[in-house]
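The following exercises are to be worked with the sequence and the structure at hand. Each task is followed by a solution in steps.

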Amino acid sequence: MENVIIIGTGCAGLTAAIYAARANLEPLVIEGTQPGGQLTTTSEVENFPGFPEGIDGFTLTDNIRKQAARFGAKFASDEIVSVDLKGDIKVLKSSTKTYETRTLIVATGARPRLLGIPGEKEMFGGKGVTTCATCDGAFYRGMDVVVVGGGDSACEEALFLTRFASKVTVLHRRDEFRASKIMADRVVAHEKIDVRWNTVPEEVLADETGNMRAVRIKDVITGEVSELESKGFFIAIGHIPNTHFLGDEIPTDEEGYIVSNHSSGVHTDLEGVYVAGDCSDHVYRQAITAAGMGCRAAISAERHLAEAHGVGV
Ligand code: NAP
């Protein structure tokens, strides 16, 4: 029986692990399929306090993990597929193992949203279509690439890709960016970036070897359809929360984000079950806000353990 299980090893889960470990609760952190979360696929993190020169996402996450391990956090590589959270003891199941815990912190993050257009799946990963410029950008040295989206992620991806690509075309379905002004301005001003406003991709087209050759695009104002030659297609259109494994055990909104009705923002409707990071927060979605939620979730779990289970009293 564990005192605290934390599912997820992004900024939220690992910060919760630091706090729970420093409270002598020996939290068990379940790592899942993408250890380190989305931050490990981010390039430079320039807005996490304490790093005036910026820090790369992988190093930041790795440092937080080491910090949690130093205070006694335990780590298990496993994927939880179902949960039973109604009782005092929370039961979590993977395909091979059952875990029991007095408190649970869900910090499972979110994954990239896809477009659902023809060619996207067929050419995903290695054949031209990707959701991660940091991971795959270097493969497109000297080539023309396309980025889809108008948020901070799309702008960040486009700017990062200018290091490798000969030209980056950003397709955005509206005529203004959703991204913060500083990112949008950098994109618009960049000599290697061409922004196609009011434009959506309709199909990713393959060459005879099955690799990407072009994307068919449509101007949503004029209805004009054309082909844009490109070897890389980077999708950056937002995220979907990783909460499907919870079934109906915790209330979520219609998009699947876990709802907290408590002023803490981390209590769920279930005693002893807390939430942190992007699986609940679709507004701020920052490393620092995820870390803050992780801290609050761990302190809340610690208090619940003392009050309801007499742990540490
Ligand atoms: P986002 O802000 O939700 O933006 C998603 C973009 O994709 C929007 O421009 C949206 O268009 C477009 N889009 C959505 N579905 C589409 C579809 N089916 N076809 C075409 N376009 C589609 O997501 P995000 O950029 O991933 O950012 C998420 C959060 O993380 C934000 O709060 C952002 O500020 C933050 N973030 C911060 C940084 C940073 O500070 N360095 C970096 C990355 C992300 P519309 O605009 O028309 O809705």
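For the angle in Exercise 1, axes are lines fitted to C-alpha atoms, for helices over the stretch in contact, and angles run from 0 to 180 degrees between N-to-C directions. The model is predicted.

**Exercise 1. Determine how helix α4 is placed relative to the strands it crosses, and whether it is enclosed or not.**

Step 1. Helix α4 spans residues 152–161 and lies across β11, β12 (167–171), β13 and β17. The angle between α4 and β11 is about 170°.

Step 2. For burial, the cut-off is under 20% relative accessible area. The residues of α4 that are buried are A154, C155, E157, A158, L159, F160 and L161.

Step 3. Seven of the ten residues of α4 are thus buried, so the helix is largely enclosed by the rest of the structure. The packing partners of these buried residues are α3 (133–136), β11, β12, α5 (181–189), β13 and β17.

**Exercise 2. State the strand order of the five-stranded open sheet and explain why β10 and β13 each have one side without a neighbour.**

Step 1. The order is β10-β17-β11-β12-β13, and the pairing is parallel.

Step 2. Strands β10 (129–130) and β13 (193–196) stand at the edges with a single partner strand each, so one side of each has no neighbour in the sheet.

Step 3. Within the sheet, β11 (residues 144–148) and β17 (residues 232–235) run parallel and are joined by four bridges. In this pair, V145 is found opposite G232 of β17.

**Exercise 3. Identify the partners of strand β1 and the handedness of its crossover to β2.**

Step 1. Strand β1 covers residues 2–7, and six of its six residues are buried.

Step 2. With strand β8 (residues 98–106), β1 pairs in the parallel sense over five bridges; here V4 stands opposite T103.

Step 3. With strand β2 (residues 28–30), β1 also runs parallel, joined by three bridges; here I6 stands opposite V29. Between β1 and β2 the chain passes through helix α1 (residues 11–22), giving a right-handed β-α-β crossover.

**Exercise 4. Describe the three-stranded open sheet, including the average turn between its neighbouring strands.**

Step 1. The strand order is β14-β15-β16, with antiparallel pairing.

Step 2. Both β14 (199–206) and β16 (225–229) are edge strands with a single partner, so each leaves one side without a neighbour in the sheet. On average, neighbouring strands of this sheet are turned by 30° against each other, direction ignored.

Step 3. Five bridges connect β15 (residues 212–219) to β16 in the antiparallel sense, and A214 stands opposite E229 of β16.

**Exercise 5. Which residues come nearest to the ligand, and which polar atoms face its oxygen atoms?**

Step 1. There are 20 residues around the ligand, of which D152, S153, R173, R174 and R178 come nearest.

Step 2. A ligand oxygen atom lies 3.0 Å from a polar backbone atom of G150.

Step 3. Side chains also take part: an N or O atom of N47 is 3.2 Å from an oxygen atom of the ligand, and for the side chain of R285 the corresponding distance is 3.5 Å.

**Exercise 6. Is T243 buried or exposed, and which residues does it touch?**

Step 1. T243 is located in the loop between β18 (239–241) and β19 (273–275).

Step 2. Its relative accessibility is 8%, so T243 counts as buried.

Step 3. Leaving aside residues up to four places away in sequence, T243 touches G256, I258 and C279.

Key: Residues are numbered from 1 along each chain as its sequence is written. This is a predicted model: local features need pLDDT of at least 70, side-chain atom pairs count only at pLDDT 80 or more; totals for chains, interfaces and linings use all residues. Side-chain values use heavy atoms; hydrogens and water are left out. Two strands pair if DSSP finds at least two bridges between them. Helices (H or I, at least four residues) and strands (E, at least two) are DSSP runs, numbered from the N terminus. Contact means heavy atoms within 4.5 Å. Buried means under 20% relative accessible area, exposed over 50%, partly exposed in between (1.4 Å probe, protein chains only). A crossover is right-handed if, with the strands pointing away from the viewer, the path from the first strand over the helix to the second runs clockwise. A residue is near a molecule or strand if one of its heavy atoms lies within 4 Å of it. A polar contact is a pair of N or O atoms within 3.5 Å; within protein, one must be able to donate a hydrogen and the other to accept it, and residues adjacent in sequence count only if both atoms are side-chain atoms.
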